[in-house]
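The following exercises concern backbone geometry, sheets, helix packing and a pocket. Each task is followed by a worked solution.

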Amino acid sequence: MTGRAEAWNSVFRQIINGAHLSTADGLAALLDEATAQVGVTVQLYVVDMGQQWLRSARPEPLPPLRVDSTVAGRAFQRTDIIAVRDSAPHLWLPVLNGTERLGVLQATLHEDNDDQSREYCWELAGLVGHLVMSKLHYSDFLHVLRRTTPFSVASELLWQLLPPQTFACDQLTVTAVMEPYHSVGGDAYDYSVDNGRAHVSIFDATGHDMRAGLTTAVALAATRNARRNGLGLVEAAELADEAVQQQATEGLRAPFATAVLAELDLATGVLHHLVAGHPPALLVRGGRMVKALKNPVSLPLGLGHLTKAPRRLGREQLQAGDRILLHSDGVTEARDPQGEQFGVERLVDLTERHETAGLPAPETLRRVSRAVLDHQRGQLQDDATLLLLEWSRTAAHRVLP
C-alpha cells in the first residue's frame, strides 16, 4: 500500500470512528481534523427541502449557494463531479444517500490534483452522505438547516413517514417530489424494492389541514403494513379502507384519500395497478405519452364500504425504457392567474424534454415541480406530488457521476 493510500485510509478510519460520538453540528469539525492529514479542506453544503439552496453545514455557516446559478448547483443538478481551477484547485462533488441527492461537498486540493485524489474525494463524499443521513434520525440541526420556511404540523408528520426521494438499482429508478414542501397537507408517496418487485404508491387526502395529513398517514401506514405482511394490492386497499374509515368522527365528513397502488415485476416488466379515485398513472414511451392507465376506477380509500363492487387490478406490459408517471391533481389542475390549467400535456412534455436533455430523473422532477410553482406564481392552491418510475438498465447510471 502506498503512502497516499495509507494516509487516506487513516482519514476514513478517523471519520468513521469519530462519527460514533459526533453530533450533527460536529460533522464539520470532524471532517476538518481528518482531511488535514492529506492536505485537503472540505466544506459540506446540504440542500434545502425546496431544492433551491445549498446551505453550509457549519455551526457558523458560510453564505448559501443557489442551486440554479452556481457551479456547486450544477454538480448537484447533474450529480456530476466538477473541477474548478482558481487560486486553489477544488472539486465540487455530489453528496448522495444511495442515489438521493443530499447536497454537495467542496474539496480544496492543496497538494495532489490527479485522478487518484479525485477518486478518494468521491469516496469521501459517499461516506459523508451516509453520515448525514444517519444524523438526520436524531438531530434537529440538519432538519433546521434544510428549511428555508417553517413547516406546518401536518408536513412535519408526513415527511417523517416518507422514504428517500430517490432510489435506483440496476433495473429501475424511482424519484418523487412534493410541493409546497413546507405546508403539504394530504399528499404522500411510498415505494419499496425487494426480491425482484417494486411497489410504488401515491396518496391524496381530501382537505389541506392536519386532518388530511392524518388520513394520508393512516392510508400509507395501512398499505405499507399490508405489503410487509405479504398481502396483494387489493388486500392493501381493503385494509386502508378499514383503517381510514375508523378515523371518521361523528358530525364531520367521512375522511378519505385517493390513491394509486402499483407493483412492477422487475424481471418481466409486468405492472399491476389499482386506482382508488385518483388520476391514473401515465405511461410514457419513446418520448411521448402512450396512454393513461385507466383500469376500472374504484372509490377512494376509506369509502370502499359504500359499494359492493370489488376493487380490480389493471395490468400493463412495459417495454425497456418505459416511464410511469404518477401525479396528484394539484399538478395538472394548477391554474395560473388567467385560469389556465397546467395540464397533462404540459406535464408530459416538460418531463420528456428534461429527460431528453440528459438530466437525471430527480433533476427532471425538480424542474417540473418548479414549473408548476411558477405557473401559479409560487402560490400553489393544492398539494402537488410527482413520482416517476423508469424501468431501465441505463436510468440508474444517470443518477451517479
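**Exercise 1. Locate Q51 and describe its backbone, then state where P180 lies and what its peptide bond is.**

Solution. Q51 belongs to the loop between β1 (40-47) and β2 (53-56); strands here are DSSP runs of E with at least two residues, helices are runs of H or I with at least four residues, and both are numbered from the N terminus. The model is predicted, so local features need pLDDT of at least 70 and side-chain atom pairs count only at pLDDT 80 or more, whereas totals for chains, interfaces and linings use all residues. Residues are numbered from 1 along each chain as its sequence is written, and side-chain values use heavy atoms, with hydrogens and water left out. Next, the phi of Q51 is positive, about 55°, although this residue is not a glycine. P180 is found in the loop between β8 and β9. The bond from E179 to P180 is cis, with omega near -10°. For reference, most residues other than glycine have a negative phi, and most peptide bonds are trans.

**Exercise 2. Give the strand order of the five-stranded open sheet, and explain why β9 and β15 each have a side without a neighbour.**

Solution. The order is β9-β10-β11-β12-β15, with antiparallel pairing; two strands pair if DSSP finds at least two bridges between them. β9 (187-194) and β15 (314-317) stand at the edges with a single partner strand each, so one side of each lacks a neighbour in the sheet. From one strand to the next, the twist averages 15°. β9 is joined to β10 (residues 197-205) by eight bridges, and A188 has F203 as its bridge partner in β10. Finally, helix α7 (residues 210-228) packs on this sheet, touching β9, β10 and β11 (257-265). Contact means heavy atoms within 4.5 Å. The direction of α7 makes about 15° with that of β9, where axes are lines fitted to C-alpha atoms, for helices over the stretch in contact, and angles run from 0 to 180 degrees between N-to-C directions.

**Exercise 3. In the six-stranded open sheet, which strands stand at the edges, and which helix lies across β7, β8, β16 and β17?**

Solution. The strand order is β7-β8-β17-β16-β13-β14, and the pairing is antiparallel. β7 (166-168) and β14 (288-292) are the edge strands, each with a single partner, so one side of each has no neighbour in the sheet. Within the sheet, three bridges join β13 (residues 282-285) to β16 (residues 323-327), and L283 stands opposite I324 in β16. The helix is α11 (residues 361-375), which runs at about 25° to β8 (172-179).

**Exercise 4. Describe how α1 and α4 pack.**

Solution. Helix α1 (residues 3-19) and α4 pack at about 5°, with axes 11 Å apart. The two helices are therefore roughly parallel, a term for angles under 35 degrees. Residues making the contact include W8, F12 and I15 of α1 and Y120, L124 and L127 of α4. By class, eleven are nonpolar, two polar and three charged; Ala, Val, Leu, Ile, Met, Phe, Trp, Tyr, Cys and Pro count as nonpolar, Asp, Glu, Lys and Arg as charged, and the others, Gly among them, as polar.

**Exercise 5. Which element gives the most to the lining of the largest pocket?**

Solution. A pocket is an open set of points on a 1 Å grid over the protein atoms alone, where a 1.4 Å probe fits, with protein on both sides within 12 Å along at least five of seven lines; lining residues have an atom within 4 Å of a point. The largest pocket has a volume of about 420 Å³, the space filled by probe spheres set on the points, which are joined across faces, edges and corners. Of its 18 lining residues, M133, L136, H143, R146 and W159 are the closest to the centre. β6 (100-109), α4 (115-136) and α6 (153-161) give two or more residues to the lining, and α6 gives the most, with three.

Conventions:
Parallel < 35°, antiparallel > 145°, perpendicular 65-115°, else oblique.
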